[in-house]
Amino acid sequence: MLRLVKWCIGWYQRNISARRPATCRYTPTCSNYMLEAIDRFGVLGILMGMARILRCHPFVKGGFDPVPEHFSLLRNKIK
């Protein structure tokens with residue numbers, strides 16, 4: 001299942017995201033965030049990626065938000 005999800009994200013990055021102007025509010029992008037979260041947390045990484053996508057909207061400040069060391073659905077607070 002994780003291989004299928006990662007393949008779908010890669011397909012999205014190559015075929016959709018690459019053909020559109022960069023509009024992501026976060027660094028790393030939501031798709032890269034989800035790939036890294038899946039590598040680090042497995043299936044729970046999918047939930048983290050979906051929570052990140054839900055946080056990405058016009059009213060958010062955005063900025064640097066890396067995948068946290070421990071599982072969390074909240075934004076990673078960098079000190």
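Guide: Welcome! A residue counts as buried when its relative accessible area is under 20%, and as exposed when that area is over 50%. Please keep in mind that this is a predicted model.

Visitor: Is Arg52 buried or exposed?
Guide: Start by finding Arg52 in helix H3. Its relative accessible area is 0%, and the cut-off for a buried residue is under 20%. Arg52 is therefore buried.

Visitor: Leaving aside its neighbours within four places in sequence, which residues is Arg52 in contact with?
Guide: Leave out the residues within four places of Arg52 in sequence, and a list of contacts remains. Arg52 is in contact with Tyr26, Thr27, Pro28, Thr29, Cys30, Tyr33 and Asp65.

Visitor: Is Leu74 buried or exposed?
Guide: Leu74 is found in the segment after strand E2 (63-64). Its relative accessible area is 63%, and the cut-off for an exposed residue is over 50%. So Leu74 is exposed.

Visitor: What separates the C-alpha atoms of Leu74 and Arg52?
Guide: Along the chain, Leu74 and Arg52 are 22 residues apart. In space, the separation of their C-alpha atoms is 8.1 Å.

Visitor: What span should helix H3 have, and how far apart are its end C-alpha atoms?
Guide: Helix H3 (residues 43-55) has 13 residues, so at 1.5 Å a residue its expected span is 18 Å. This agrees with the distance between its end C-alpha atoms, which is 19 Å.

Visitor: Which elements are included in what covers the buried residues of H3?
Guide: The buried residues of H3 are Gly45, Ile46, Met48, Gly49, Ala51, Arg52 and Arg55. What covers them includes H1, strand E1 (26-27) and H2.

Visitor: Which helices do the buried residues of H2 pack against?
Guide: In H2 the buried residues are Cys30, Ser31, Tyr33, Met34, Leu35, Ala37, Ile38 and Phe41. They pack against H1 and H3.

Visitor: Are H1 and H2 roughly parallel or antiparallel?
Guide: The axes of H1 (residues 2-15) and H2 (residues 30-41) come within 10 Å of each other and cross at roughly 160°. An angle over 145 degrees counts as roughly antiparallel, so H1 and H2 are roughly antiparallel.

Visitor: How do the residues of the contact of H1 with H2 divide?
Guide: On the H1 side are Leu2, Val5, Lys6, Ile9, Tyr12 and Gln13. They meet Ser31, Asn32, Met34, Leu35, Ile38 and Asp39 in H2. The residues of this contact divide into seven nonpolar, three polar and two charged.

Visitor: Is the crossing of H2 and H3 left-handed or right-handed?
Guide: The axes of H2 and H3 come within 7 Å and cross at roughly 155°. That makes the two helices, H2 and H3, roughly antiparallel. As for handedness, the crossing of H1 and H2 is left-handed, whereas that of H2 and H3 is right-handed.

Visitor: Is the peptide bond that joins Thr27 and Pro28 cis or trans?
Guide: Most peptide bonds are trans. Pro28 is found in the loop between E1 and H2. Omega for the bond joining Thr27 and Pro28 is about -5°, and this bond is cis.

Visitor: What phi does Gly42 take?
Guide: Most residues other than glycine have a negative phi. Gly42 comes just after H2, and its phi is positive, at about 70°.

How values were computed: Residues are numbered from 1 along each chain as its sequence is written. This is a predicted model: local features need pLDDT of at least 70, side-chain atom pairs count only at pLDDT 80 or more; totals for chains, interfaces and linings use all residues. Side-chain values use heavy atoms; hydrogens and water are left out. Axes are lines fitted to C-alpha atoms, for helices over the stretch in contact, and angles run from 0 to 180 degrees between N-to-C directions. Helices (H or I, at least four residues) and strands (E, at least two) are DSSP runs, numbered from the N terminus. Angles under 35 degrees count as roughly parallel, over 145 as roughly antiparallel, 65 to 115 as roughly perpendicular and the rest as oblique. A crossing is left-handed if the near helix is turned anticlockwise from the far one by less than a right angle, and right-handed if clockwise. Contact means heavy atoms within 4.5 Å. Ala, Val, Leu, Ile, Met, Phe, Trp, Tyr, Cys and Pro count as nonpolar, Asp, Glu, Lys and Arg as charged, and the others, Gly among them, as polar. The expected span of a helix is 1.5 Å times one less than its number of residues. Buried means under 20% relative accessible area, exposed over 50%, partly exposed in between (1.4 Å probe, protein chains only).
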